Amino acid sequence: MKITCFGEVLWDIFPEHKKVGGAPLNVALRLHSMGIESSIITKIGDDNLGRDILKYAKDRGLPTDTFQVDEQYKTGEVLVTLDKENTATYEISRPVAWDFIKYSGKIADKVRASDAIVFGSLASRNEVSKNTLLKLLDKAKFKVLDVNLRPPHYDRALLSELMSKADFIKLNDEELEEICIHFDIHKDKFEDQVKAIASYTNTNQICITKGGKGATLLHGETFYHNKGYTIKVIDTVGAGDSFLATLISALLQDKAPQQAIDYACAIGAMVAGSEGANPVFSEEEIKNFIGDQI
């Protein structure tokens, strides 16, 4: 199985340290750690931060042939602030290199040969990367949208366009509320809200994450739920990305939806209980974690 990710790579700048990040890169790295052939289409600056990201990816076995280099714009950075519950908020610099990902036959071939493409709304804040993405989506077999709402980097028209092109949509509970407002969806019940979005976007696979309270997956006509796992949160950066990577890989391998969402929630919780977006876990650690929760 091959999965290609598209979008931002950057440095998450914390008060006392910095970490390589960006949702598409986090997803690609988690997929790779699970033995999935994964890659990312992105752009870095011709600077030390970009070269460090390139080395970081290479050191972890991720192919870098679809990393573009921009001589004008710098590598992306994000200022990360953690609140008392260690929940992250982000201040995202712009414009940066990943705003200017250029279309080419090489990256089109990469997407065409993949079983799925994973993309987020953030990487479409600039017309250059957005137009490249839209061309690539026409080549994709299966399109996975991570609705990654970071004000002010989106609007209703963009969300509507991206969501209507997706075969699978992932968002969190706060984003669900905001999207219902954007699209004038007036439903009181959670499941009715999700069904309304499914109808609006003509997408029958939608997942809503709920932080420590787990997640809900609409798969076809059926809802599947996980109530979450107990974990001492260190930071939430990358937890949703690892959740998505785990869920998508399981579903694409025809795992039962309940089994897929249970396993994905476990991985997301373990990431939230670790420092940084891309901690590595052994299969034994994962099994022990899930076993301790039963």
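**Pockets and nonpolar cores in a predicted model**

The largest pocket has a volume of about 1,400 Å³, where a pocket is an open set of points on a 1 Å grid over the protein atoms alone, at which a 1.4 Å probe fits and which has protein on both sides within 12 Å along at least five of seven lines. This is a predicted model, in which local features need pLDDT of at least 70 and side-chain atom pairs count only at pLDDT 80 or more, whereas totals for chains, interfaces and linings use all residues. Residues are numbered from 1 along each chain as its sequence is written, and side-chain values use heavy atoms, without hydrogens and water.

**Largest pocket**
- The lining (residues with an atom within 4 Å of a point) comprises 48 residues, and Thr 87, Tyr 90, Asn 172, Thr 236 and Gly 240 are those nearest the centre of the largest pocket.
- By class, this lining has 20 nonpolar, 15 polar and 13 charged residues.

**Second largest pocket**
- With a volume of about 340 Å³, the second largest pocket is lined by 18 residues, including Met 34, Thr 246 and Glu 283.
- Helix 9 gives the most to this lining, with four residues.

**Nonpolar cores**
- In the largest nonpolar core (buried Ala, Val, Leu, Ile, Met, Phe, Trp, Tyr and Cys residues joined through side-chain atoms within 4.5 Å, buried being under 20% relative accessible area with a 1.4 Å probe, protein chains only), Ile 40, Phe 168, Phe 243 and Leu 247 touch the most other members of the 49.
- Helix 9 (residues 257-272) supplies the largest share of this core, 10 residues.
- A second, separate core of 38 residues includes Val 147 and Ile 197.

Technical notes
Buried < 20%, exposed > 50% of the residue type's maximum accessible area, 1.4 Å probe, protein only. Helix = DSSP H or I, 4+ residues; strand = E, 2+ residues; numbered from the N terminus. Points joined across faces, edges and corners; volume = space filled by probe spheres on them. Nonpolar A, V, L, I, M, F, W, Y, C, P; charged D, E, K, R; others polar.
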